[in-house]
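Colleague: I should like to understand the terms used when a model of this kind is described. Would you show me the structure and explain them?

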Amino acid sequence: MLDVSLSALTAQVFTGIVLGGILVLMAIGLSLIFGLMTVVNFAHGAFYMLGAYVAFSLLGLTKSFWATLVLAPLVVGTLGFLVERLLIRRLYGRSPDDPLLLTFGLSLAMVEGVKLLWGKIGLTVDPPTQLAAAVDLGFMRFPVYRLFVIAVTAAALLALWLFLEKTNVGLIIRAGSRDALMVRALGVDLNRIWLLVFGIGIGMAGLAGVLAGPMRGVYAEMGVEIIIECFVVVVVGGMGSLPGAIVAGLLMGEIVSLTTFFAPRLAEIVVFVVMAAVLLVRPSGLFGEAGLAE
Amino acid sequence: MIRSAFGRVKAWVTVHPIASFVLFFAIFPFIAPYQALATQVLIFGLFALGFNLLYGYTGLLSFGHAAYYGLGAYGAGLALAKLKVTSLWIALGIGLGAAVVGGALVGFFCLRRRGIYFAMLTLAFAQMLYFIAFHAADLTGGDDGLRGIPLLPLSIFGASVSLRQPLAFYYFAYVLVVLAVAVLKRILDSPFGAVLRAIRENSDRAVACGYDINRVKLLSFVFSALFAGLAGALDALRLTVVPVDSLYWSTSGQVVIMTLLGGAGTFFGPFVGAATYLVLADRLSIFFEAWPLVIGVIFMAFVLFLPRGIWGTLTSRGIGQ
């Protein structure tokens, strides 16, 4: 009896890592865009949702999950380029509230647009046949697809880290989020960097959507649900802090997953209680520097 | 000729805002496309007025005003449906009390972080309340909404007036909204109102002038919640049901859209915006199921090109001067 519940509990801990990983992919993009451009992208969740829908259609077209996994984030990221270039760029220099308001309108329009194109009823996406089974890890059985999601998340984060730490463009991005004026004075065209960062952040949201589709289903409201959770992650972890996004994202994933196990009715509420507690004890977040963009 | 007539009306309205409001809304039910719309404009205008106090005048963008609207609605609704109070005034008072207490608590937490975090925190706490109401079905009715709210007759100066006639309800709401507008005017004209605008323009300078800006912001938040709560309580009486969606983020989004369409930081903007939004939603939804798409695009266009909103552009006032 104890054995069964212990393995169930372990499975729930792993599910928490999967949920947390999705949140981390989202929150890192949000945080990166904010750190460099002081833009809070309300539509980040809408791009996550779009990623899941685009993946659904690409799966139908290409019949290949692997092609979809690569192409869908690229499609969504390209849309991100367009949004930055055509809409958000007009708002630099205005109050930081304005991009937030603009992307709120965009998110509203995207949710309805998706319902028009793909219908109002949610869709289901099956994981690829190679990943559909459950694997016996010795102490528990766990769906292979979820292990795969953990691996892809880790790989994406590693790639992002290498890009930011080891390339010249990454160096400029890090410098730009410290002091944009100085970077400009050194002759760097930050407009192109902003475009790139926005595209990367949105592409990661698209990837998160592609990965989440087979686990959580594909529906128009999925984006708004996750953007609110991401805001909580960012408040807890500290906006602009990448380690903060990772730690807080995994923490929130575990909290949701374990509360679902012990007290399902509280699962949706407990993240906000944790957020309130962090605000009381450490208002700037676990990894946040007080005063950043405040 | 037309231009100068418009100019004179504009000048009179600017000098006599309360009188203009009283006159216009006295005849509004007879010029509105239909009567139910008139009451909706009053109630949502009041909701937007509360939001505008915080965003338009204090510069704090809340994405969670559904919380106070919803607390007002559930407060008044629960008082009538579950506590069986026999007076509308007591029910309204309980709704206002719930909104004020909720506003003070949430405001305390949200004001621990400044700037852009404020919007995220207000949204998160409002969503928490939504989930609580959703899961506490025994008390709130959960997903089905709170039902069984009786529309009691209004007792006033010993007389008892039935509000079942839509027009009677309109004028009941009208009196309360006029009172709220007068209170808002009083707040804005006071030294406290000047500090609010000082915080909006430059909060560091307001601190340097010796103002305890956290206390002022919290007060502004609580007043804002009070107006939103009154709107929610009135809406609960109007509908005799409280849908759980009144606490959902979409309700918070609606009030943001209304206020910005009308003109944030302008006196009449919230009502102009509420009327515009409701008429648009009503007309569009007849022939286009995805009407929020159109609203979203219009809203984006306003943020980009008309940040002062309709009333702010007409009168060259408001937040984006």
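Modeller: What follows is a short discussion of the two chains, one helix and the interface.

Modeller: This is a predicted model, in which local features need pLDDT of at least 70 and side-chain atom pairs count only at pLDDT 80 or more, while totals for chains, interfaces and linings use all residues. Residues are numbered from 1 along each chain as its sequence is written, and chains are lettered from A and ligands numbered from 1 in the order in which they are written.

Colleague: What makes chain B as compact as a globular protein of its length?

Modeller: The radius of gyration is taken over C-alpha atoms, and the globule rule is 2.2 Å times the number of residues to the power 0.38. For the 321 residues of chain B the rule gives 20 Å and the model has 19 Å, which is close, so chain B is as compact as a globular protein of that length. Its C-alpha trace spans about 50 × 50 × 45 Å along the principal axes.

Colleague: Which elements are found in chain B, and how many?

Modeller: Chain B has 15 helices and two strands; these are DSSP runs numbered from the N terminus, with helices (H or I) of at least four residues and strands (E) of at least two.

Colleague: How do you know that the length of helix α3 of chain B agrees with expectation?

Modeller: The expected span is 1.5 Å times one less than the number of residues. For the 23 residues of α3(B), residues 35–57, this comes to 33 Å, and the end C-alpha atoms are 31 Å apart, which agrees.

Colleague: Why is α3(B) called mostly covered?

Modeller: A residue is buried if 20 or more other C-beta atoms, placed from the backbone, lie within 10 Å of its own; it is exposed if 12 or fewer do, and partly exposed in between. In α3(B), 20 of the 23 residues are buried, so the helix is mostly covered.

Colleague: What is the basis for saying that residues of chain A are in contact with chain B?

Modeller: Two residues are in contact if their C-beta atoms, placed from the backbone, lie within 7 Å. By that criterion, 34 residues of chain A are in contact with 32 residues of chain B. The largest share of chain A's side, 14 residues, comes from α4(A).

Colleague: How confident is the predictor in chain B?

Modeller: The average pLDDT (the predictor's confidence in each residue, from 0 to 100) is 91 for chain B, and 98% of the residues score at least 70. For the complex, the predictor gives an ipTM of 0.91 and a pTM of 0.92.
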